[in-house]
Amino acid sequence: MTEKATLILKNDVAELERVMALISDVCARHSIPPETEYDLTLALDEVITNVARHAYPQGEEHQFTLEVTVSDEEFSARVEDDGVAFDPTAHPAPNLDTPLEERKEGGLGIFLVRQIMTSVEYQRVAGKNLMILRKTLA
């Protein structure tokens, strides 16, 4: 059985509550193990927070879309926003051997997302950022 769900979100980190509820519900219906649910929650928390905080630097209220698709084999999340162009997949992995106080800010979140998910894709289409996260379940 394949299930698809869509949320229209505001660029406000308070929207994470709705995202986490959706993931929890979907994982329960598809008997996704708690450790996998935790990984999915962590990855989407990072991506949604980045969109809410950084995609719209002018501070205006915007909406963006999260579409989740779950089958027996795969969980996928499609995040689409009309914010500033940003390809998180183009950034190199941070050097984890560099002492914390010498590292540049940023980069650890998307590194973590890439470690958790099976694949992370980015496209800029018609003035929109499109990020697709996939996690193999079977």
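What follows is a chat about the fold of this predicted model.

User: Hi! What helices and strands does the protein chain have?
Analyst: Hello! The protein chain has 3 helices and 5 strands. Starting at the N terminus, the elements come in the order β-α-α-β-β-α-β-β. Keep in mind that this is a predicted model.

User: Thanks. How are the strands ordered in the sheet?
Analyst: The 5 strands make an open sheet, ordered β1-β2-β3-β5-β4, with antiparallel pairing. β1 and β4 (119-125) are the edge strands, and each pairs on one side only. From one strand to the next, the twist averages 15°.

User: And what holds strands of a sheet together, in general?
Analyst: Strands of a sheet pair through backbone hydrogen bonds, and the pairing can be parallel or antiparallel.

User: Let's look at β3. How many bridges join β3 to β5?
Analyst: There are 8 bridges between β3 and strand β5, which covers residues 128-136, and the two run antiparallel. Going through some of the pairs, Ser76 is opposite Arg134 of β5, Ala77 is opposite Leu133, and Val79 is opposite Met131.

User: What about β2 and β3?
Analyst: β2 spans residues 63-70 and β3 spans residues 74-81; they pair in the antiparallel sense through 6 bridges. One pair to look at is Glu67, whose bridge partner in β3 is Arg78. β2 and β3 form a hairpin, with 3 residues between them.

User: Which other strands form a hairpin?
Analyst: β4 and β5 do, with 2 residues between them, and Ala126 in that turn has a positive phi of about 50°. β4 and β5 are antiparallel and share 7 bridges. If you want to find that pairing on screen, Arg124 stands opposite Asn129 in β5.

User: Switching to helices. Where does α1 lie?
Analyst: α1 lies across β1 and β2, and its direction is at about 170° to β1.

User: And α2, which strands does it touch?
Analyst: α2 packs on the sheet and touches β1, β2, β3 and β5. Its direction makes about 10° with that of β3.

User: Now the inside. Which residues have the most contacts in the largest nonpolar core?
Analyst: That core has 32 residues, and the ones with the most contacts inside it are Val19, Leu44, Leu66, Phe75, Val113, Met117 and Leu133. The elements giving two or more residues to this core are β1, α1 (16-29), α2 (34-54), β2, β3, α3 (108-116) and β5.

User: Phe75 caught my eye. What does it touch?
Analyst: Setting aside residues up to four places away in sequence, Phe75 touches Leu40, Leu44, Val68, Thr69, Val70, Met117, Leu133, Arg134, Lys135 and Leu137.

User: Let's move to a charged one. Is Glu3 buried or exposed?
Analyst: Glu3 counts as buried because its relative accessible area is 16%, and the cut-off for buried is under 20%. Glu3 sits in strand β1, residues 3-10.

User: Which side chain makes a polar contact with Glu3?
Analyst: That would be Arg29: the side chains of Glu3 and Arg29 are joined by a polar contact of 2.4 Å. Apart from neighbours within four places in sequence, Glu3 is in contact with Val26, Arg29, His30, Val68, Thr69 and Val70.

User: And where is His62?
Analyst: His62 is in the loop between α2 and β2.

User: So is His62 buried or exposed?
Analyst: His62 counts as buried, because its relative accessibility is 17%. Leaving out neighbours within four places in sequence, the contacts of His62 are Leu9, Lys10, Asn11, Tyr56 and Asp82.

User: Last topic, the whole chain. What share of the residues is buried?
Analyst: Of the 138 residues in the protein chain, 40% count as buried. The accessible surface of the chain comes to about 8100 Å², and 50% of that belongs to carbon and sulfur atoms.

User: And what about contacts between residues far along the sequence?
Analyst: Taking contacts in the protein chain between residues at least 6 apart in sequence, 64% join residues at least 24 apart.

Terms used. Residues numbered from 1 in each chain as written. Predicted model: local features only at pLDDT ≥ 70, side-chain atom pairs only at ≥ 80, totals over all residues. Heavy atoms only, no water. Pairing = 2+ DSSP bridges. Helix = DSSP H or I, 4+ residues; strand = E, 2+ residues; numbered from the N terminus. Buried < 20%, exposed > 50% of the residue type's maximum accessible area, 1.4 Å probe, protein only. Polar contact = N/O pair within 3.5 Å; in protein donor to acceptor, adjacent residues only side chain to side chain. Contact = heavy atoms within 4.5 Å. Core = buried A, V, L, I, M, F, W, Y, C linked by side-chain atoms within 4.5 Å. Axes fitted to C-alpha atoms, helices over the stretch in contact; angles between N-to-C directions. Areas by Shrake-Rupley, 256 points an atom, 1.4 Å probe, with all protein chains shown as cover.
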